[in-house]
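Me: I would like a close look at one part of this predicted model, namely the sheet. Please describe how its strands are arranged, and then place that sheet in the setting of the rest of the chain.

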Amino acid sequence: MEIPQKIYFKLRPLILPIKKITNYIQEEANIIDLGCGKGLLLNYIINFKSYTGVDLNTNPHHSSNNVKFIKADCLAFLDNNLNKYNTFLVIDLIHHIPVDTQFIFLNKLISSLKLGDILIIKDINPRNFIYKFWNSFHDFIISKQIINYLDFEKLKENLPGDIQILANFHSRIFLYDHYFLVLKKC
Ligand SMILES: C[S@@+](CC[C@H](N)C(=O)[O-])C[C@H]1O[C@@H](n2cnc3c(N)ncnc32)[C@H](O)[C@@H]1O
């Protein structure tokens, strides 16, 4: 079901704790938003230097000097030179990626980070049966997909030694339980 952008931009902030994401974005950041969707977050980020949104379904025409949308598969996109970015957003993308590819994608992304780079991962937290069922149902209706929950514990256990966990918490709005992991390369 394709929700018109105007309605999506009004509804999504009701279930997504946007401030908890933008809190970790520094001024003058060069941001890459992987799985950016309709670019909702761009409306909430201030004082950034550049923003690039990458998504299979984004509209590449909405680009300007320092804002670019690229229609691409995020997995393949990681093969590009990512040096110009210092802030990486992965917001509700991972549950759309097959389980066997989730760690390949995240490990590749983490290994491409440079000193001081920030990676913000936010995904659905299947903390209990009700939230898990509701989020699976929601995504099935909206995206016609069975979602793949990320094992955050496994990800944390296998982080390279030079990756610092800046934040690790969950935040619930209604039946939407969000898991946040904010990483920094040291
Ligand atoms: C739940 S939406 C999140 C959108 C946005 N990050 C937000 O928080 O509003 C997930 C997005 O991931 C995109 N997506 C899923 N798999 C992808 C892939 N392999 N490469 C690029 N985008 C992908 C979908 O097209 C969709 O727009």
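**The sheet and its surroundings**

Reply: In this predicted model, seven strands form an open sheet with mixed pairing, and their order across it is E3-E2-E1-E4-E5-E7-E6. Its edges are strand E3, residues 67-71, and strand E6, residues 163-173, each of which pairs on one side only. Direction ignored, neighbouring strands of the sheet are turned against each other by 15° on average.

The end of the sheet that holds E6 can be followed in some detail. Strand E7, residues 176-185, runs antiparallel to E6, and the two are joined by ten bridges. Within this pair, Phe169 has Phe180 of E7 as its bridge partner, and Ile173 is matched in the same way with Tyr176 of E7. E6 and E7 make up a hairpin with two residues between them, and in its turn Phe174 has a positive phi of about 50°. That sign deserves a remark, because most residues other than glycine have a negative phi.

On the other side, E7 is joined by seven bridges to strand E5, residues 118-124, and this pairing is antiparallel as well. Here Leu119 has Leu183 of E7 as its bridge partner. As a general point about such strands, side chains in a regular strand alternate between the two faces of the sheet.

A helix residue can also be placed relative to E7. Lys156 belongs to helix H6, residues 152-157, and its C-alpha lies 8.8 Å from that of Leu181, although the two residues are 25 apart in sequence. Lys156 is partly exposed, because 13 other C-beta atoms lie within 10 Å.

Two loops that lead into strands of the sheet contain further residues with a positive phi. Glu28 sits in the loop between helix H2 (18-22) and strand E1 (30-34), and its phi is about 65° although it is not a glycine. With 11 other C-beta atoms within 10 Å, Glu28 is exposed. Asn47 is located in the loop between E1 and strand E2 (50-55), where its phi, near 55°, is again a positive value in a residue other than glycine. Asn47 is likewise exposed, with 9 other C-beta atoms within 10 Å.

The ligand is the next feature to consider. It is surrounded by 16 residues, of which the closest are Gly35, Gly37, Cys74, Asp92 and His96. Sorted by class, this shell is made up of eight nonpolar, four polar and four charged residues.

Seen in the whole protein chain, the sheet belongs to a fold of six helices and seven strands, whose pattern along the sequence reads α-α-β-β-β-α-β-α-β-α-α-β-β. The C-alpha trace spans about 40 × 40 × 30 Å along its principal axes. The radius of gyration of the protein chain is 16 Å, which agrees with the value near 16 Å for a compact globule of 186 residues. Of these 186 residues, 27% count as buried. Finally, among contacts between residues at least 6 apart in sequence, 55% join residues that are at least 24 apart.

Conventions
Residues numbered from 1 in each chain as written. Predicted model: local features only at pLDDT ≥ 70, side-chain atom pairs only at ≥ 80, totals over all residues. Helix = DSSP H or I, 4+ residues; strand = E, 2+ residues; numbered from the N terminus. Rg over C-alpha atoms; globule rule 2.2 N^0.38 Å. Buried ≥ 20, exposed ≤ 12 C-beta atoms within 10 Å, placed from the backbone. Contact = placed C-beta atoms within 7 Å. Pairing = 2+ DSSP bridges. Axes fitted to C-alpha atoms, helices over the stretch in contact; angles between N-to-C directions. Near = placed C-beta within 6 Å. Nonpolar A, V, L, I, M, F, W, Y, C, P; charged D, E, K, R; others polar.
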